[in-house]
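Student: Could we go through this one together? I'd like to hear the reasoning behind each label.

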Amino acid sequence: MLTDESYIKLTLEIAKRGAGLVSPNPLVGCVIIKNDKIIGAGYHEKYGEKHAEVNAIESSKESVEGATLYVNLEPCCHEGKTPPCVDRIIKEKIKKVVVGTLDMNPIVSGKGIKKLKAAGIEVKTGVLEQECIELNKFFFKYISRQMPYVTLKAAQTLDGRIADVSGQSRWISSLPSRKKVHLLRAKYDAVMVGTNTILKDDPKLNVRLAEGRNPIRVVIDAKLSVGMDHNIYFDNNVILLTSKAAAEKKKKFIKKLMDKGIEIIFTDSFDNGRFDLKKVLKLLGSKNISSLLVEGGSKLYTSFITENLFDDIALFISPKFLGAGLSTINDLGIINMKDVYKLKINTFEKVGDDLFLELVKN
């Protein structure tokens, strides 16, 4: 007989199948157990479609009455694009529900559990809670703060360079690392780059070396320096953020972008030419973007760090020395070791010839 933890682990694995397909909804998996055997399983497959609990119930070839339902996230109790899952659980006369973590959505949190208990259903919560929270870190940040989860992704040499003196970066990292980057892109709603990265590298920022959806490309171009001939505009899956002043000077170019279907957000910048990144993140959140992968360059990395607007860092370190070149981040204004910006290594692995680190705030 398997433990509650084993079944919740299974729900986590099943839930991952919805990655890149359900945003801004959470990743949810569900299994139903009766007489010590799995009689139903399902996951949230696509945004706007049936939730994991309903898919699991409907997959069962026998009655789920008296069964135990395992789910990594608290069942919903509100009417959204689909009916409340708790109502279906109650209707099917499920005896017990085991939940990984409560939903941080204020319209759900704890209310789904309360409704199940009021119906006489036994409920157990907090099974592998940290693992369940980690799986839905994008959703929890987005639903609680209305802005996307932000990951800074960089590939650098051992001496902390992301490009040579001419600005060229192909290729610092190995092919396996680049494949992993494409897998990362497929998991995020959007990727963001600054002007210099586009002008120097001319990236497509799509998913080619792995299977998965292409993220929205968010371009930070205050002066409208990036022309239509760059790869970033190969289709209209783009949000361009530019200044009102630049737009006034380049009305014909703006019209060409609009005719292509590019979404343009005109915003004010600081006196030093930098955008208010917090406002930018709020804008992206209002467009149901729950996760953002920032892929360069050093000015953008530095701004996110100094303004404390990132959540974690995905860092690829190649066993190479470059000497002179472009640093991963610029001056942070720190002059004493006691003020150093501390991070914690969450995970690490060897990818091809490189070392991949996932770093989180201390």
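Tutor: Sure, here is a run through the sheets, a helix, the salt bridges and a surface patch, bearing in mind that this is a predicted model.

Student: Start with the strands. What makes S1 and S2 a pair?

Tutor: Two strands pair if at least two bridges are found between them. Strand S1 (residues 29-34) and strand S2 (residues 37-43) have six bridges, in the antiparallel sense, so they pass that cut-off. Gly-29, for instance, stands opposite Tyr-43 in S2. The two strands form a hairpin with two residues between them, and Asn-35 in the turn has a positive phi of about 55°.

Student: What makes S1 and S3 a pair?

Tutor: Four bridges join S1 to strand S3 (residues 68-73), and the cut-off is at least two, so this counts as pairing too. S1 and S3 run antiparallel, with Val-31 opposite Tyr-70 in S3.

Student: Which sheet do these strands belong to, and which are its edge strands?

Tutor: They sit in an open sheet of five strands, in the order S2-S1-S3-S4-S5, with mixed pairing. The edge strands are S2 and strand S5 (122-124), as each pairs on one side only. The twist averages 20° from one strand to the next.

Student: And the nine-strand sheet: why are S11 and S15 said to stand at the edges?

Tutor: That open sheet has the order S11-S10-S9-S8-S12-S6-S13-S16-S15, with mixed pairing. Strand S11 (263-267) and S15 each have a single partner strand, so one side of each is left without a neighbour in the sheet. On average, neighbouring strands there are turned by 20° against each other, direction ignored.

Student: How do you know that S8 and S9 are paired inside that sheet?

Tutor: Count the bridges: five join strand S8 (residues 190-194) to strand S9 (residues 216-220), against a cut-off of at least two, so they pair. These two run parallel, and the partner of Gly-194 in S9 is Ile-220. Elsewhere, helix H10 (residues 251-260) lies across strand S10 (238-243) and S11, at about 140° to S11.

Student: Why is H6 called largely enclosed?

Tutor: Seven of the nine residues of helix H6 (residues 137-145) are buried, so the rest of the structure largely encloses the helix. Buried means under 20% relative accessible area. Among the buried residues are Phe-138, Phe-139 and Phe-140, and also Lys-137 and Lys-141. Gln-146 follows H6 and has a positive phi, near 55°.

Student: Now the salt bridges. What makes Lys-153 and Glu-295 one?

Tutor: The N to O distance is 3.5 Å, and the cut-off is within 4 Å, so the pair qualifies. The pair links distant parts of the chain, 142 residues apart: Lys-153 is in strand S6 (residues 149-157), Glu-295 in the loop between strand S12 (291-294) and helix H12 (298-306). Both residues are buried.

Student: How do you know that Arg-185 forms a salt bridge with Glu-295?

Tutor: Their closest N and O atoms are 2.7 Å apart; with the cut-off within 4 Å, this is therefore a salt bridge. Arg-185 lies in helix H7 (residues 175-187), so the pair ties together parts that are 110 residues apart in sequence. Arg-185 is buried, and so is Glu-295.

Student: Are Glu-263 and Lys-287 buried or exposed?

Tutor: Neither label fits. Buried would need under 20%, and exposed over 50%. Glu-263 has 32% relative accessibility, so it counts as partly exposed, and Lys-287, with 34%, is partly exposed as well. The two form a salt bridge, with the closest N and O atoms 2.5 Å apart.

Student: How many salt bridges does the search of the whole structure find?

Tutor: It finds 21. Some share partners, joining Lys-50, Glu-58, Arg-88 and Glu-92 into one network.

Student: Last one: what makes Tyr-341 part of a nonpolar patch?

Tutor: A patch residue needs over 30% relative accessible area. Tyr-341 has 32%, so it is partly exposed and passes that cut-off. Tyr-341 is found in the loop between strand S14 (326-327) and strand S15 (343-351). Together with Ile-334 and Leu-343, Tyr-341 forms a surface patch with about 210 Å² of accessible area.

Technical notes. Residues are numbered from 1 along each chain as its sequence is written. This is a predicted model: local features need pLDDT of at least 70, side-chain atom pairs count only at pLDDT 80 or more; totals for chains, interfaces and linings use all residues. Side-chain values use heavy atoms; hydrogens and water are left out. Patches are made of residues with over 30% relative accessible area and no salt bridge: like charges are joined within 9 Å, nonpolar side chains (Val, Leu, Ile, Met, Phe, Trp, Tyr) within 5 Å. Accessible areas come from the Shrake-Rupley method with a 1.4 Å probe; for residues, only the protein chains shown count as cover. A salt bridge is a side-chain nitrogen of Lys or Arg within 4 Å of a carboxyl oxygen of Asp or Glu. Buried means under 20% relative accessible area, exposed over 50%, partly exposed in between (1.4 Å probe, protein chains only). Axes are lines fitted to C-alpha atoms, for helices over the stretch in contact, and angles run from 0 to 180 degrees between N-to-C directions. Contact means heavy atoms within 4.5 Å.
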